[in-house]
Protein chains: 4
Amino acid sequence: MLFTSDNWAGAHPKVIEAISQSASGYVPPHGRTAEDEALKEKFCDIFEHEVSVFLVSTGTAANALALSAMARPGDVIFCHEAAHIRVDECGAPWFFSQGLQLEAVSGGAGKIDGQALQAKVQSVTEGGLNAGRVGGLSLTQATEGGTLYSPAEITELSGLVSGNTTGRRPPVHMDGSRFSNAVAASGTTPAHLTWKNGVDLLSFGGTKNGCICAEALIVFDPTLAESMEFLRKRSGHLISKLRFMTAQFMALMNDNLWLECATIANTHTTALADIVRGSDRMRLAWEPEINEIFAICKRADFQKWSDVGLQAFVWQPTPSDRHLLDEDECLIRLVTSFETEQSHIEALARLI
Amino acid sequence: MLFTSDNWAGAHPKVIEAISQSASGYVPPHGRTAEDEALKEKFCDIFEHEVSVFLVSTGTAANALALSAMARPGDVIFCHEAAHIRVDECGAPWFFSQGLQLEAVSGGAGKIDGQALQAKVQSVTEGGLNAGRVGGLSLTQATEGGTLYSPAEITELSGLVSGNTTGRRPPVHMDGSRFSNAVAASGTTPAHLTWKNGVDLLSFGGTKNGCICAEALIVFDPTLAESMEFLRKRSGHLISKLRFMTAQFMALMNDNLWLECATIANTHTTALADIVRGSDRMRLAWEPEINEIFAICKRADFQKWSDVGLQAFVWQPTPSDRHLLDEDECLIRLVTSFETEQSHIEALARLI
Amino acid sequence: MLFTSDNWAGAHPKVIEAISQSASGYVPPHGRTAEDEALKEKFCDIFEHEVSVFLVSTGTAANALALSAMARPGDVIFCHEAAHIRVDECGAPWFFSQGLQLEAVSGGAGKIDGQALQAKVQSVTEGGLNAGRVGGLSLTQATEGGTLYSPAEITELSGLVSGNTTGRRPPVHMDGSRFSNAVAASGTTPAHLTWKNGVDLLSFGGTKNGCICAEALIVFDPTLAESMEFLRKRSGHLISKLRFMTAQFMALMNDNLWLECATIANTHTTALADIVRGSDRMRLAWEPEINEIFAICKRADFQKWSDVGLQAFVWQPTPSDRHLLDEDECLIRLVTSFETEQSHIEALARLI
Amino acid sequence: MLFTSDNWAGAHPKVIEAISQSASGYVPPHGRTAEDEALKEKFCDIFEHEVSVFLVSTGTAANALALSAMARPGDVIFCHEAAHIRVDECGAPWFFSQGLQLEAVSGGAGKIDGQALQAKVQSVTEGGLNAGRVGGLSLTQATEGGTLYSPAEITELSGLVSGNTTGRRPPVHMDGSRFSNAVAASGTTPAHLTWKNGVDLLSFGGTKNGCICAEALIVFDPTLAESMEFLRKRSGHLISKLRFMTAQFMALMNDNLWLECATIANTHTTALADIVRGSDRMRLAWEPEINEIFAICKRADFQKWSDVGLQAFVWQPTPSDRHLLDEDECLIRLVTSFETEQSHIEALARLI
């Protein structure tokens, strides 16, 4: 019963095939071939907008590069208290952006609370030089809680950081390591989840959705793309034989494979959620929206299940979510992927 | 006639096959599987030494991580004036190591001149606090000039940076993006080219020798490995599905494929060198030792040849090498790889 | 009625006199004179311990240098959510220590809550590589709330960060911009407030207590002092004519002027506190312990008082203290100094 | 015979008096008082241009802040091979500007050679992404060799870095730790030595010319001043009781004290130069232009003179100047200041 994470899954056969077909022969390194241009055009189509595309090998790199393109000296960038950039990247944002201030904002189920954001923005604004200045916002879509921001919510939160006085609209970054799952589940378009509602840069995840190692940093605002080539190169993230990154992403974006894989993963979670709803030993912490469930059960039960083969991570609830659990309970996260096997879901159903 | 660079080549079929065979099924991310352990053991065998192995996706990352593990506050690290880390990585060393001082040392044919190194070390030592302190040495093997340091030379240069007064033997890094070619050409062992003669960290290149994107940072001194996991993660260089990096390198190291590919590349250059020696329009700037030739010809000739299909880079001679060229001449670099086709070599022979 | 901050005060006449007496004649720059040695000996006496002393011109520099000497790659350093280093230094800790993670810990009246610290430390410990590693603790003494940690509390909090597994006792920094006031008020010795209870580095404030610009970074653990000269120089904080910093601090430390000034400032606050206790329009948020009062009053009252000349800052209560205030109330901070005039205190008494 | 450096001198009595007169009473911290505004107006008058003024306590801070305001990701900034920022600030430029590339340019007597600069600029321009991009120029005025750039030379060198393709005129910084001496000696105006000939930021030295610790970073281009407040604060260089910095500089700038002190220092050097010219044991390496002489003598002689009281530094000649010395000779630097005593000059005359 493997529900650890979607980065435990392998690579999609079509991705492997694309790599294989690109394998032989001399090709200029570092991008700028017709294939790279074609991939860019693909992204322009999908997002209905002229974009710049920077492929890198990890989500941490995509996120940290985005933040470093946003951050001016003294900037404070706001994110959710459980944001991956803040607590799961070993300090990458502060490594890439010397002097960056990242301020945690609370909110239940992984979503930034508007009032809390407003208060934090106000605190920086009133704090004068000592506090720095309002620099931008990073949203995670889907969130670390497996939930979604609606286009209206994205607009609202983006708007809350715009009330500063330094003459620049603070840019908005979206960490989309599971953006494909978000699009597949949302019933709206990539454009509406991003630039149409204020997002300036997107970390578009490929790895968790079938690539071997490929993430696309999509930049909607050309002024934020201006230095990106230099930022990528000097951080060691310009892959020499870039053709192999491009090939992976072309395979993923062609024929909507990205949405197909994401939908499979999401559907497995829908099935899991039904099982949890039918259990009297486990309950949903909140409604899942993509390919992740956060569920609550007794610690003793989880230990027992683990002993017979359940693999899933116990999750540290944020202060905003702590009230959902009793003393003897724990929060667990179950993740499905395009490779999840039906038999594992059935085994879990029998178990709980 | 493609002699641009070995990073224009594709991937070796055995590397592709290994990726393909690793593609399906759930595997823990981030290394620490039996395969990762097996690869580490492989490197221990090859180097006859206990080593730590950190796989990353670019040579720039391997080099910059190595330097950041070496550098203490105030450190000056010495390298050749044409070292890749100094002039071809868009500032990566200074990006990874806030405050690092990298001091250029002159020398012909890509090799550090011992007397010049000694003078620079002395200058830092005598410069007091303002100048910083002697921090270490970075050697390129094979060099940017396609030449080799002998084990004795490595020992000598390493020794020249040891005369400082801060109580620590300054560590030595080796940039080995073409280390395989060096080993294949040198007639000595990997151990003699590294730790047996004072090298503490090695960037072992895989990409130019048949991988799609894989470099191994090999650390011989365990104290320099202590923080490497954190350095790698926070710079976004810990690949999530690390199995695909491990698979590439296992394919390369198994059955001495790394030496086989390197030998092929070197042999092509040997053939090229003979052709150049037989030409009256082109001469060797110095004797090639691996899979790169630096040759001198008239600018007009090179332009003419380029027009009919020769692809190779014009190289900026360093101050140390400038006397080799006449006013109307240029220095060109010809690189071969495991994928170089015989027909290209023959075409060049006919041309010059 | 000037109760804004003690950094609005001027310089003590004895400090000015010391500067004046050092003014003429040639002296070696950058320290290392007999005067510098004498000052060091003075600090050794006061702290009953061999120490290293690094004079700098701002508290932000002293704090950030201390943190950068502590921080290894991947380190998380814990501090109070209202710590000056976290919210009032425009990002200095992250500027000085590329990649540093600073984690906010809650607690009332400016003091870190032990349980909250324990939970945060545990979260990092369990978070694996992604979360980084436990790197140290920064305490503010006196706190941003004008309260004190007892020696026993310092020991307890220091102990809570020691449960990590990386083989090194995580170092403890103390931000003592008002350390003199803390010593004067505490009834214990400088040694007991620092190294005898686990503190490894202390930012000893001089500016708020009568200097023109002088702070002393005191390092108790010699291994943490090893790179400090380089850290100070490369950040531009080694004053060229250091004699003028040394002279200021010698004046301050001689004849216990530091304790005399601090005691005057503290005594003024004691008088103020009595006035607040006697008022029915203002109440103490918590008991003051040094030269700062945090008081609660209606916003309307504060506005009225400001209009007739009260100068004091409205303070943003932390989440831990928010319950102390009603909707229509605000938290204000009143600070006294060695230069506070009795007439201002009397005027406030008449006002409230 | 003290000719070590002008930072061995003390402070001018008028500077001390100004500090003393500012000493008592409450004043808002961090600048923004009428005095700060008046100082700014003073600089605007002197430079015949609207300027921003940022006072800091060291020249290293002024220089590094200037460079960090100039540097974009990937930028290469050019400076003389012996520039203080490159070899005498313990890595400060790389500490303040993560990822900065600083490229050394050769030239005799401390002055950048135009052809050498052109070649370096071309090398970066042709080097593509790997080499970064042309980011700016830092000139030292007066130079480290005690020589001057004429306004025409400043224009010429500034122009040589403008041929890049990134759409921005690369900014020019001037390290003016001895700018006062340069103005006094040059026979031209501060405006002609700076913005009228392409300089965008100036580190205007106060410390070596009579202050206790005060340097003014003067910014002519308002876009480069935009983030300076944040850069200064987050590096710990915003002095809390800024009034004491302002007071020093007001004293220095009032009644042309800065030019008076500089002229005294320069005149002492003129006298020294005559003495050297009359000696058969010592000769001028090149003509001195400010308050520094670089002279050549036998090592044995210098040793002997040192034994009887001559204090001056032996200088490492740059590669460009090495041909001036014989094997048994050394280059020594003699510096005078506003505090140099006539008796020391006379003693030297007797000695050599």
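**Exercise 1. The interface of chains B and A**

How much area do chain B and chain A bury between them, and what percentage of it is on carbon and sulfur atoms?

*Solution.* The structure is a predicted model, in which local features need pLDDT of at least 70 and side-chain atom pairs count only at pLDDT 80 or more, while totals for chains, interfaces and linings use all residues. Residues are numbered from 1 along each chain as its sequence is written, chains are lettered from A in the order in which they are written, and side-chain values use heavy atoms, with hydrogens and water left out.

Step 1. Buried area is the accessible area (1.4 Å probe) that two parts lose on being put together, summed over both. For chain B and chain A this comes to about 4300 Å², with 63% of it on carbon and sulfur atoms.

Step 2. Of the area that chain B buries against chain A, B:Y26, B:F95 and B:K241 supply 21%, more than any other three residues.

Step 3. Contact means heavy atoms within 4.5 Å. In these terms, 53 residues of chain B are in contact with 53 residues of chain A.

Step 4. A salt bridge is a side-chain nitrogen of Lys or Arg within 4 Å of a carboxyl oxygen of Asp or Glu. The rule finds zero salt bridges across this interface of chain B and chain A. It does find 30 residue pairs in polar contact there, both residues at pLDDT 80 or more. A polar contact is a pair of N or O atoms within 3.5 Å; within protein, one must be able to donate a hydrogen and the other to accept it, and residues adjacent in sequence count only if both atoms are side-chain atoms.

**Exercise 2. One helix and its buried face**

Describe helix α6 of chain B and determine where its buried residues lie.

*Solution.* Step 1. Helices (H or I, at least four residues) and strands (E, at least two) are DSSP runs, numbered from the N terminus. Helix α6(B), residues 114–126, has 13 residues and reaches 18 Å from its first C-alpha to its last, close to the 18 Å expected at 1.5 Å a residue. The expected span is 1.5 Å times one less than the number of residues.

Step 2. Buried means under 20% relative accessible area, exposed over 50%, and partly exposed in between (1.4 Å probe, protein chains only). The buried residues of α6(B) are B:G114, B:A116, B:L117, B:V121 and B:V124. Seen down the axis, they fall within an arc of 160 degrees (taken from the directions from the helix axis to the C-beta atoms), so they line one face of the helix.

Step 3. On the other side of α6(B), B:Q115 and B:E126 are exposed. What covers the buried residues includes β2 (75–80), β4 (133–140) and α8 (151–160) of chain B.

**Exercise 3. A buried asparagine**

Where does B:N209 lie, and which residues does it touch?

*Solution.* Step 1. B:N209 lies in the loop between β6 (201–205) and β7 (215–219) of chain B. Its relative accessible area is 5%, so B:N209 is buried.

Step 2. Not counting residues up to four places away in sequence, B:N209 touches B:S180, B:L252, B:W258, B:C261, B:A262 and B:F338. The side chains of B:N209 and B:S180 are joined by a polar contact of 3.5 Å. The side chain of B:N209 also reaches the backbone nitrogen of B:A262 at 3.5 Å.
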